[in-house]
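Here is a small set of exercises to work through with the model open beside you. Try each task before reading its solution.

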Amino acid sequence: MERKWWQNAVIYQIYPRSFQDSNGDGIGDLQGIIQRLPYLGRLGIDAIWLSPVYKSPQVDNGYDISDYQDIDPMFGSIDDMQQLIDEAKKYNIHIIMDLVLNHSSNKHKWFEEARKSKDNPYHDYYVWRDGKEGVLPNDMHAAFGGSAWEWVPEVGQYYFHQFAPEQPDLNWENPKVRRAIYDMILWWMDRGVGGFRLDVIDQIAKEPDRKITQNGPRLHEFIREMSRETFQKGNLITVGEAWGATPELAKLYSNPDGSEFSMVFQFEHIGLDQQEGKEKWDLSPLPFLKLKQVFSRWQTSLYNCGWNSLFWNNHDLPRIVSRWGNDGKYRVQSAKMLAMLLHGMQGTPYIYQGEELGMTNVRYRIEDYRDLETLDVYRERLEAGYDKAEIMKSIYAKSRDNARTPMQWDDTKNAGFSTGIPWIRVNDNYSEINAASQVDDPDSVFACYQKLISLRKEYPVFIEGQFRLLLEEDANIFAYERVSESQQLTVVCNFFDKIVPVRDICEDKDKKLLLCNYKEVEENAILRPYEARIYLK
């Protein structure tokens with residue numbers, strides 16, 4: 001396979017609202033990101049994936065876009081955006097924009113025109129069905145609760161929305177919609193962006209009459225057309241968010257011929273700690289052996305015929321050290337272990353802001369949460385008779401706000417995030433967990449991520465090696481090999497908080513220890529709680 005720049009890259013996701021506030025209004029902004037580029041340069045990342053900064057009424061934290069070619073004033077201006085693109089290049093950092101192409105805001109000019117009349121040229125930019133008020137086209141539900149249909153008396157029709165009512169779905173069957181989207185993408189490419197992350201892209205080929213949302217019949221036709229008309233005109237990284245992806249579908253999405261995307265975000269591992277067939281709030285212990293099987297299947301299935309994205313965290317997910325690590329006594333060790341486990345695999349790793357510091361989940365009072373989904377599930381489950389303590393337990397574990405607390409820069413007021421009142425409360429542990437205390441500490445979580453990024457660039461086996469799962473039935477250890485023509489990598493991780501024997505896997509004298517998450521290896525035959533090692537042969 002021809003090597004692409006993004007196969008060697010490590011991506012850092014920024015949730016702009018919570019990263020750095022430069023003007024004291026309590027909301028992170030583009031100038032704040034520019035201020036922190038030296039920190040990101042020091043970490044060693046190659047690209048920033050920026051959650052949406054477009055003009056938006058902010059019903060769903062910017063994933064309801066009212067103008068794809070302008071910046072929301074809360075984040076700055078289009079000039080600030082251009083400055084960020086240009087300044088990041090000085091650190092050899094690309095900017096990846098977040099594209100939301102399944103739906104727009106209901107305040108977008110297209111929808112404001114569309115709802116005026118059936119004859120309006122923009123009417124067919126959205127998905128409409130005839131009906132009578134109170135008689136829904138069908139019983140489909142929106143992801144954020146309630147019906148997926150919203151009545152508009154002016155036209156006597158319902159429009160379809162898979163998320164909030166303020167997020168009407170775009171009609172990709174209309175070639176004018178697709179052309180308008182492609183022109184917008186080319187406009188951003190002309191401004192120098194390095195790629196795009198495509199929000200819920202597997203839902204654009206929906207067929208609501210057949211109750212099809214994900215993986216509609218024309219999905220890959222639409223994606224290939226978009227790629228041909230836009231992405232293939234530049235040397236970009238593109239990643240599609242696809243909750244319904246399987247390894248077979250991912251081979252289409254990430255075909256090495258570049259006909260669709262560079263890679264896909266799939267979430268099979270992310271759904272493992274919920275009750276089968278239930279919602280994410282219905283908690284279940286992590287089935288560790290299944291976690292190993294899921295990673296192994298994706299690693300082996302896509303080898304030489306696709307490409308994996310590697311992630312534990314994003315703006316929609318809880319903090320991994322609280323979720324599957326140990327955010328108490330072994331926070332540092334388990335945060336490093338989880339990093340080493342992931343970064344040793346084949347694919348492009350994604351670091352979510354604060355992950356490189358071992359930031360943790362929060363436990364707010366319900367009135368301190370800001371996330372629409374969290375507040376909706378609290379209300380719905382209270383009305384359904386759930387115990388309040390049980391609801392809060394689920395929210396503590398899975399709320400999207402766990403990831404959205406302000407970045408913890410130092411131990412000054414508001415963790416150095418803002419001189420004003422932050423839009424959401426800072427995690428109370430910021431005086432203990434912050435960037436200032438870690439950047440010069442060679443034993444910190446930050447230093448571990450720094451080392452992993454540099455190892456990826458130094459040893460080709462990280463990019464090229466074939467994956468083989470070791471100790472498949474071991475209930476405590478996640479171990480695997482990566483083998484290329486000239487090198488062999490062995491990654492051994494104790495996933496739990498107890499001492500475990502490691503048999504003979506670490507006793508090969510020809511193996512060189514590249515990295516350990518404790519200061520030094522004390523005993524080859526055992527692993528301490530959450531101990532992780534990477535060997536090279």
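**Exercise 1.** Find the bridge partner of L198 in β10.

*Solution.* Step one: the partner of L198 is G240. Step two: look at the two strands, where a strand is a DSSP run of E with at least two residues, numbered from the N terminus, as helices are (H or I, at least four residues). β9 (residues 195-198) runs parallel to β10, with 4 bridges between them; two strands count as paired if DSSP finds at least two bridges. Step three: check how covered β10 (residues 237-241) is; 5 of its 5 residues are buried, buried being under 20% relative accessible area, exposed over 50% and partly exposed in between (1.4 Å probe, protein chains only). I237, V239 and E241 are buried on one side, T238 and G240 on the other.

A word on the model: it is predicted, so local features need pLDDT of at least 70 and side-chain atom pairs count only at pLDDT 80 or more, while totals for chains, interfaces and linings use all residues. Residues are numbered from 1 along each chain as its sequence is written, and side-chain values use heavy atoms, leaving out hydrogens and water.

**Exercise 2.** Work out the strand order of the open sheet of 3 strands, and name its edges.

*Solution.* Step one: the order is β6-β8-β7, with antiparallel pairing. Step two: β6 (128-130) and β7 (149-152) are the edge strands, each pairing on one side only. Step three: from one strand to the next, the twist averages 35 degrees. Step four: β7 and β8 (residues 157-160) are joined by 4 bridges, and W151 sits opposite Y158 in β8.

**Exercise 3.** Which residues have the most contacts inside the largest nonpolar core?

*Solution.* Step one: a nonpolar core is a set of buried Ala, Val, Leu, Ile, Met, Phe, Trp, Tyr and Cys residues joined through side-chain atoms within 4.5 Å. Step two: the largest has 157 residues, and L50, M81, L101 and F196 have the most contacts inside it. Step three: take L101, whose contacts (heavy atoms within 4.5 Å) beyond four places in sequence include Y68, W172, M184 and M226. Another core lies apart from the largest one, with 10 residues, among them L470 and L527. In soluble globular proteins, nonpolar side chains tend to be buried together.

**Exercise 4.** Compare the length of helix α3 with its expected span, then find what its buried side packs against.

*Solution.* Step one: the expected span is 1.5 Å times one less than the number of residues, so the 12 residues of α3 (residues 78-89) should span 16 Å, in agreement with the 17 Å between the end C-alpha atoms. Step two: D80, M81, Q82, L84, I85 and A88 are its buried residues. Step three: their packing partners include α1 (30-35), β4 (67-71) and α5 (175-190). Step four: at the start of α3, a side-chain oxygen of S77 comes within 3.3 Å of the backbone nitrogen of D79.

**Exercise 5.** Is L341 buried or exposed, and what does L341 touch?

*Solution.* Step one: L341 belongs to helix α10 (residues 331-343). Step two: L341 is buried, at a relative accessible area of 0%. Step three: outside its neighbours within four places in sequence, L341 contacts W312, F478, Y480, V491, C493 and F495. Step four: N494 is 153 residues away along the chain, yet the C-alpha atoms of L341 and N494 are separated by 9.8 Å.

Note on methods: A polar contact is a pair of N or O atoms within 3.5 Å; within protein, one must be able to donate a hydrogen and the other to accept it, and residues adjacent in sequence count only if both atoms are side-chain atoms. Axes are lines fitted to C-alpha atoms, for helices over the stretch in contact, and angles run from 0 to 180 degrees between N-to-C directions.
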